[in-house]
Structures are given as structure tokens and as C-alpha cells.
Amino acid sequence: MGVITAVTATESLELRQYKTVWTNLRLPAYKLINEIQRERLVSAQLLKNAATKTALATQRTRTDAARESFRQLSSNSKDRSEEIRKQVDAVNTAIDRLDAIRGEIDTGLSDRLHTVESFNAMIDTLFGLHRRVALIDDIPIYEQSRVVIDMGYAKELLTREQAIGLGTLEPAERRLFTQIVGNRRFLLDQGLAELDPELRDPPRWPSSPRPPTSGCG
């Protein structure tokens, strides 16, 4: 009876820790990623004269709210490991760059490629946090969690294609676009093969946007 009680108590503690990590780190991180993705796209559209400053200002407000929520909730997690604390610090350092990136856009000092890559760097740091938090003792669950995160990153790569594939592409933009497409396809193929059958829905991933064929040298 004592052994059963000890096991149950351990599982209960692990469940509470998981819920804490999900509530204070992973969920606000995912929400912040979504808003940064939207701001990256609207910023790229603005630089291609395909969006208004009003639309960008509205999205920046949404991103700021998600950024503040992440900062507050992540600071509430007192039982994080040193490795997770370091990754949270890295995220905070990365998202502190947001105002500088915006300033470069507003003053005309940043082109679309530089803008997109600046947003990409922030999101890469957030996915680094997801991968760090996903490290748990249960190997099968960890493996499936890792695959799900990789599938989420494949979706992130698709949004990069959408941001960089607007209008006529410069040679450097075309090279980046092609690299992103290849990486996304690799992650999807690998992820779908590794997912447990009950987690694998028939893939309904949207096709990647085609880069324009004119004026790309």
C-alpha cells in the first residue's frame, strides 16, 4: 500500500509540474510565436506596399500583449531548472530586440530579407525553449513531444515562405525561400513517419507559395 501511495504521489507531482510548465511557459510561448508570425508577415507586406501602417500598428499591439504575458507568466515559474531559466532569459533577450527591429522598419533602414530574418531569430529562440521544456523522463512521451514540436516548426517554416515569397524575389530571397522549402518538407516527411498512428491525421498541409518567376535573375 505504501508503494502504491508513493507512486501515486510521484505521478501527481509530475502532473502538477507539467501543468505549471504548460501554463507558465509553453502556452504563452506558443501564443507569442503566433503573434510574431503575424507581425512578420504584415511587416513584410508593408515593405512590399501590400499592407497599411494601421494594420501593422494593430498587430504590434497584439504582439506586445503576448510578449508581456509571456514575461509575466514565465517569471511565475519558480521550480524551473537552471537550463530552462537560461533559455527563458535567452527568449527575453531576443524579444527585447523587437523594438529595434520595428525602428529599422519604420525608418526605412531594413529591407524585407533582413526584417524576416530578424523575426526568424526570435522565433527560433522560442522553439529552443519548447525543446528544452520537452525533456522529460518518459522516453516514448518525450519522443512524440519532440516530433510534435518539429511539426510545429514545419508550420513556422511555411509562414516564413509566405513572408519571403511576396512579389518579385531578389536572388538572396530566392535562395532563402528554396532553403526553407527544403527544410520544411524534410521535417514534415520525417515527423509524419515518426508520429504514433493515433496522432497522425491525414496530412492536410497547405502547399507552399510559389516564388514569382519574373525579375528574379
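Buried, as used on this tour, means under 20% relative accessible area. The structure in the viewer is a predicted model, and the stops below proceed from single residues in helix α1 to the core and the helix pairs.

**First stop: R40 and E39 in α1**

Select R40, which lies in helix α1. R40 has a relative accessibility of 0% and therefore counts as buried. Display its side chain together with that of T159: a polar contact of 2.5 Å joins the two. Then show the surroundings of R40. Leaving aside residues up to four places away in sequence, R40 touches V116, F119, N120, I123, E156, T159, R160 and A163.

Move next to E39, also placed in helix α1. The relative accessible area of E39 is 0%, so this residue is buried. With residues up to four places away in sequence again excluded, the contacts of E39 are L56, Q59, R60, T63, L98, R102 and F119.

**Second stop: N49, after α1**

Follow the chain into the loop between α1 and α2, where N49 is found. Is N49 buried or exposed? N49 is exposed, at a relative accessible area of 74%. Its backbone also merits inspection: phi of N49 is near 60°, a positive value in a residue other than glycine.

**Third stop: the nonpolar core**

Now select L32, I36, F70, F119, M122, L126 and L129. These residues have the most contacts inside the largest nonpolar core, a set of 44 residues. At least two residues of this core come from each of α1 (2-47), α2 (53-75), α3 (82-95), α4, α5, α6 (139-164) and α7 (171-194). Which helix gives the most to this core? That helix is α5, with nine residues.

Centre the view on M122. Apart from residues up to four places away in sequence, M122 touches I36, A94, I95, L98 and I101.

**Fourth stop: α4 against α5**

Select helix α4 (residues 98-106) and helix α5 (residues 112-133). The two pack at an angle of about 170°, and their axes are 11 Å apart. Angles over 145 degrees count as roughly antiparallel, and α4 and α5 are therefore roughly antiparallel to each other. To see the contact, display L98, I101, E104 and I105 in α4, which meet H114, T115, S118, F119 and M122 in α5. By class, the residues of this contact are five nonpolar, three polar and one charged.

**Fifth stop: α5 against α7**

Keep α5 selected and add α7. Here the packing angle is about 30°, with the axes 10 Å apart. The contact is formed by R112, L113 and E117 of α5 with A172, E173 and L176 of α7. The contact of α5 with α7 comprises three nonpolar, no polar and three charged residues.

**Last stop: Y153 in α6**

Finish at Y153, which lies in helix α6. With a relative accessible area of 14%, Y153 is buried. Which residues does Y153 touch, not counting those up to four places away in sequence? They are D124, F127, R131, R160 and L187. Measure from Y153 to D124 in the viewer: the C-alpha atoms of these residues, 29 residues apart along the chain, are separated by 8.8 Å. Finally, display the side chain of R160, which is joined to that of Y153 by a polar contact of 3.5 Å. R160 was met at the opening stop as well, among the residues touched by R40.

Note on methods: Residues numbered from 1 in each chain as written. Predicted model: local features only at pLDDT ≥ 70, side-chain atom pairs only at ≥ 80, totals over all residues. Heavy atoms only, no water. Axes fitted to C-alpha atoms, helices over the stretch in contact; angles between N-to-C directions. Helix = DSSP H or I, 4+ residues; strand = E, 2+ residues; numbered from the N terminus. Parallel < 35°, antiparallel > 145°, perpendicular 65-115°, else oblique. Contact = heavy atoms within 4.5 Å. Nonpolar A, V, L, I, M, F, W, Y, C, P; charged D, E, K, R; others polar. Core = buried A, V, L, I, M, F, W, Y, C linked by side-chain atoms within 4.5 Å. Buried < 20%, exposed > 50% of the residue type's maximum accessible area, 1.4 Å probe, protein only. Polar contact = N/O pair within 3.5 Å; in protein donor to acceptor, adjacent residues only side chain to side chain.
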